[in-house]
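Student: Hello! I have just opened this structure and would like to get to know it. Could you walk me through it with some questions?

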Amino acid sequence: MAEKGENVGLSFYAFFANKNDNPELLMEAATWWILTNKLDHFEKAVKIKRLIE
């Protein structure tokens with residue numbers, strides 16, 4: 001956000017490498033992102049920051 005501004009988007013995949021080397025953690029993140037918070041695939045980074053603060 002510091003480099004790209006307030007409108008930068010974020011996906012939960014951004015927290016993982018481009019491989020499925022920890023499926024349990026990936027599913028935990030997906031559950032939090034999609035089921036718990038009802039977020040779209042891409043969300044504004046500022047929105048995610050507010051959720052985790």
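Tutor: Gladly, and one term comes first: contact means heavy atoms within 4.5 Å. This is a predicted model, where local features need pLDDT of at least 70 and side-chain atom pairs count only at pLDDT 80 or more, while totals for chains, interfaces and linings use all residues. Residues are numbered from 1 along each chain as its sequence is written, and side-chain values use heavy atoms, with hydrogens and water left out.

Student: Which residues is L39 in contact with, leaving aside its neighbours within four places in sequence?

Tutor: L39 belongs to the largest nonpolar core, a core being a set of buried Ala, Val, Leu, Ile, Met, Phe, Trp, Tyr and Cys residues joined through side-chain atoms within 4.5 Å. Buried means under 20% relative accessible area, exposed over 50%, and partly exposed in between (1.4 Å probe, protein chains only). Beyond its close sequence neighbours, L39 is in contact with W32, W33, I34, K47, I48 and L51.

Student: Which helix gives the most to this core?

Tutor: Helices are DSSP runs of H or I with at least four residues, strands are runs of E with at least two, and both are numbered from the N terminus. The core has nine residues in all: L10, F12, L26, A29, A30, W33, L39, A45 and I48. Both α1 (23–36) and α2 (45–52) supply at least two of them. The helix that gives the most, with four residues, is α1.

Student: Which residues of α1 are buried?

Tutor: An α-helix has 3.6 residues a turn, so residues three or four places apart point the same way. Cover for the buried residues of α1 includes β1 (9–10), β2 and α2. Those buried residues are L26, A29, A30 and W33.

Student: Is I34 exposed or partly exposed?

Tutor: I34 lies in helix α1. Outside its nearby sequence neighbours, I34 is in contact with F12 and L39. Because its relative accessibility is 40%, I34 counts as partly exposed.

Student: What phi does K38 take just after α1?

Tutor: Most residues other than glycine have a negative phi. K38 is in the loop between α1 and β2 (43–44), and K38 is exposed, with a relative accessible area of 63%. Although K38 is not a glycine, its phi is positive, at about 55 degrees.

Student: How far apart are the C-alpha atoms of I34 and I52?

Tutor: I34 and I52 are 18 residues apart along the chain. Their C-alpha atoms are separated by 15 Å.
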